[in-house]
Amino acid sequence: MGNSALKAHLETSQKTGVFQLTGKGLPEFPEELQKLTGNLRTVDLSSNKIEVLPAFIGNFLQLKSLTLNSNKLTSLPDEIGKLKKLETLHMNGNQLQRLPGTMGQLSALRTLGLSGNRLKEFPAGLGTLRHLDVLDLSKNHIQCVPAEVAALQAIEVNLNQNQISAVAPEVACCPRLKVLRLQENCLELSSIPVSILTDSQVSLLSLEGNLFEVKKTRDLEGYDKYMERFTATKKKFA
């Protein structure tokens, strides 16, 4: 991509606070963006070929939305934790294998999209994200939902299309969790913690495509209690 085209984009971004450059085959995060660290609120560099997110990303202190879907990222720098105003982070369709511990410092984060990566474990340290509403971890290689998830503040967690065969009963302790998606995993009926049905806030539990027929969940203890929440929520949105 020519320098003049990039320059035009930068000039526009200076005025608007938005930098969007998708599907241009960019091999790296544009260094020129460093001139706009005080301006930028939104950056979208989806569908490029970016392999590394540079450490200077931590200088974009006004950034509210960062979207890097469909790139070639394998890791994220620790400096990402400096983005205290970041509300939306989309990294779907990359090659991320782990997240830096500093992710837990993104205190304004509301939406975190990590679908279609290579995560083998449920990311630790997200329980400190007090404003997190939506966490999308679908299409990864996660094998279990650990007890630490109890600290998670998310309203919706999407774990569809992973390799999950174990779910810790502590999931029921998530204070705001309403929607839990576990479709197309490796769960047996006996792997579904009864506590999710009896003691949680979950009003939508998606279990299609596991190692049992969904209608068998009706036989589980607490199913009626779960259905009361499900029906009440459905009425609210009807």
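These legends go with four close-up views of a predicted model. Local features are kept at pLDDT of at least 70 and side-chain atom pairs at pLDDT 80 or more, while totals for chains, interfaces and linings use all residues. Residues are numbered from 1 along each chain as its sequence is written, and side-chain values use heavy atoms, with hydrogens and water left out.

**View 1. A cavity with a nonpolar lining.** Searching the whole structure turns up one cavity of 30 Å³ or more. (A cavity is a set of points on a 1 Å grid over the protein atoms alone where a 1.4 Å probe fits but cannot get out; grid points are joined across faces, edges and corners, and the volume is the space filled by probe spheres set on the points.) Its volume is about 40 Å³. Around it sit Phe122, Val145, Val149, Leu152, Val157, Leu159, Val171, Cys174, Leu177 and Leu180, where lining means having an atom within 4 Å of a point. That makes 10 nonpolar residues, no polar and no charged ones, with Ala, Val, Leu, Ile, Met, Phe, Trp, Tyr, Cys and Pro counted as nonpolar, Asp, Glu, Lys and Arg as charged, and the others, Gly among them, as polar.

**View 2. Helix H3 and its two faces.** H3 takes in residues 223-237 and reaches 21 Å from its first C-alpha to its last, close to the 21 Å expected at 1.5 Å a residue; that expected span is 1.5 Å times one less than the number of residues. (Helices, H or I of at least four residues, and strands, E of at least two, are DSSP runs numbered from the N terminus.) Tyr223, Tyr226 and Arg229 of H3 are buried, meaning under 20% relative accessible area with a 1.4 Å probe and protein chains only; exposed is over 50% and partly exposed is in between. These three cover an arc of only 125° around the axis, so they lie on the same side of H3; the arc is taken from the directions from the helix axis to the C-beta atoms. Turned away from that side are the exposed Asp224, Glu228 and Lys235. Helix H2 (194-199) and strand E11 (204-206) are among what covers the buried residues.

**View 3. Asp133, a buried loop residue.** Asp133 is in the loop between strands E5 (111-113) and E6 (134-136), with a relative accessible area of 19%. Leaving aside neighbours within four places in sequence, Asp133 is in contact (heavy atoms within 4.5 Å) with Arg110, Ala154, Ile155, Glu156 and Arg176.

**View 4. Leu187, buried at 0%.** Leu187 is in the loop between strand E10 (179-181) and H2. Beyond neighbours within four places in sequence, its contacts include Ile164, Val167, Ile192, Leu207 and Phe212.

Note on methods
On a 1 Å grid over the protein atoms alone, a cavity is a set of points where a 1.4 Å probe fits but cannot get out, and a pocket is an open set with protein on both sides within 12 Å along at least five of seven lines; lining residues have an atom within 4 Å of a point.
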